[in-house]
Amino acid sequence: MNSDLQETAMMNAAVDLVLTPNFPRAEYDNSDRARYERCIKTSKRVRWDIDADVFRGRSFDFSRKFLPDGLSKANEVPFLTPDEQRMWSQVQGRTYPAMFGMAERFIGAKTLELASTHRLEDWVCIEGLVRFTDEELKHQELFRRMESSIATRLPSGYAFLADPNHVARNVLKKSTWAVLAFTCHVELFTQVHYRESIGPDEQLSDLYRDIFRYHWLEECQHAIMDEIEWRRADATLTLEQRDHAVDELIALLLSLDALLRQQSSADAGYFMRTCDRNFTVGEQRIIRDTMLRAYRWQYIGSGLKHPHFRELLASMITPAQLMRIDMALHAVMT
Ligand SMILES: [Fe+2]
Ligand SMILES: [Fe+2]
């Protein structure tokens, strides 16, 4: 080897070291690379712009609902008038993008970290993960734009309580396995919400519905890449490490539930203040309980019960560990 080639080889080895600092790594197989290639191809084909494709100069239609009843459970509060049901769906429809914006803060940070752990030979995977990160950054901007627009029309007094950076810092303290499991659950429920509830409901604000259609188009690729990375992280774990990671996943889901209890209480209070009447103590309790049930279903139940998520979990952990997760989340899921 001449000295130029030797120097290049040394530089490549040094770059590889910089890109993979102490990160346990399982190799990809060809089917993973092929799946990454398909994700990149689809990501390029469906890519959209916030203004040119999504907003197109439009505003939200406040005479219509934002979130469908299947997610908001507006139809499970029997004493609400149609106007109040619409407000109920718009209050939850304001929290909905804020929750996604919060989740995408830690998802984007983790994806960026994963991209930096790949060997240079895995450039297809790096490109897939960089596109994934870029899309999550764009989605956060989209959700901020939604909040600014909705805030101009709904009464003052609304508050989204969680600080996305604080939440992200706490989530990212957990193992990669637990963060990717938690992320996969988010990526899968995002899709099922659009496909089964938001997409088919023509009564919703057109812009609101369209936003989640565009979001869904890019999220489909995220779930595939997340699954590949989750399996890759799983292949590096010992039995003890995986058992600990299961506890971390439970802790993440229970922390999310604590956040949902606070936000649903704040949103129920805000909703009641925006209604032009007083509710009895019994009605107030029903409003608070139903709001919490709706949030638990949206952000935990619809992910944990997702057939593909359960299939993935069951393929990586033991039946006893799966039961441990179900037992820990039992109160949340009922
Ligand atoms: Fe997203
Ligand atoms: Fe995503």
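**A tour from the core outwards**

Start with the largest nonpolar core, which has 63 residues. Select Ala178, Ala181, Phe182, Cys184 and Leu249: these have the most contacts inside this core. Keep in mind that the model is predicted.

Now colour the helices that build this core. Those giving two or more residues to it are α5 (82–115), α6 (123–151), α8, α9 (206–234), α10 (239–274), α11 (281–304) and α12 (307–316). Which of them gives the most? It is α8, with 12 residues.

A second core lies apart from the largest one. It has 10 residues. Select Tyr28, Ala115, Met225 and Ile228, which are among them.

**Helix α8**

Select residues 176–198. This is α8, a helix of 23 residues. How far apart are its end C-alpha atoms? They are 31 Å apart. At 1.5 Å a residue, the helix should span 33 Å, so the two values agree.

Next, look at what surrounds α8. Of its 23 residues, 18 are buried, so the helix is largely enclosed by the rest of the structure.

Zoom in on Ala178. Which residues is Ala178 in contact with, leaving aside its neighbours within four places in sequence? They are Ala245, Glu248, Leu249 and Leu252. Show these four as sticks. Leu249 also stands with Ala178 in the list of residues with the most contacts inside the largest core.

**Lys73**

Move to the loop between α4 (69–72) and α5, and select Lys73 there. Is Lys73 buried or exposed? Lys73 is buried, because 20 other C-beta atoms lie within 10 Å.

Then add Met291 to the selection. Lys73 and Met291 are 218 residues apart along the chain, yet their C-alpha atoms are separated by 7.6 Å. Not counting residues up to four places away in sequence, Lys73 touches Thr290, Arg293 and Ala294.

**Zoom out**

Show the whole protein as a cartoon. What secondary structure does it have? There are 14 helices and zero strands.

Turn the C-alpha trace along its principal axes: it spans about 85 × 50 × 30 Å. The radius of gyration is 22 Å. With 334 residues, a compact globule would have a value near 20 Å, so the protein agrees with that rule.

Colour by burial to finish. Of the 334 residues, 40% count as buried. Among contacts with a separation of 6 or more, 85% come from residues 24 or more positions apart.

Notes:
Residues numbered from 1 in each chain as written. Chains lettered and ligands numbered in written order. Predicted model: local features only at pLDDT ≥ 70, side-chain atom pairs only at ≥ 80, totals over all residues. Helix = DSSP H or I, 4+ residues; strand = E, 2+ residues; numbered from the N terminus. Expected span 1.5 Å × (residues − 1). Buried ≥ 20, exposed ≤ 12 C-beta atoms within 10 Å, placed from the backbone. Rg over C-alpha atoms; globule rule 2.2 N^0.38 Å. Contact = placed C-beta atoms within 7 Å. Core = buried A, V, L, I, M, F, W, Y, C linked by C-beta atoms within 7 Å.
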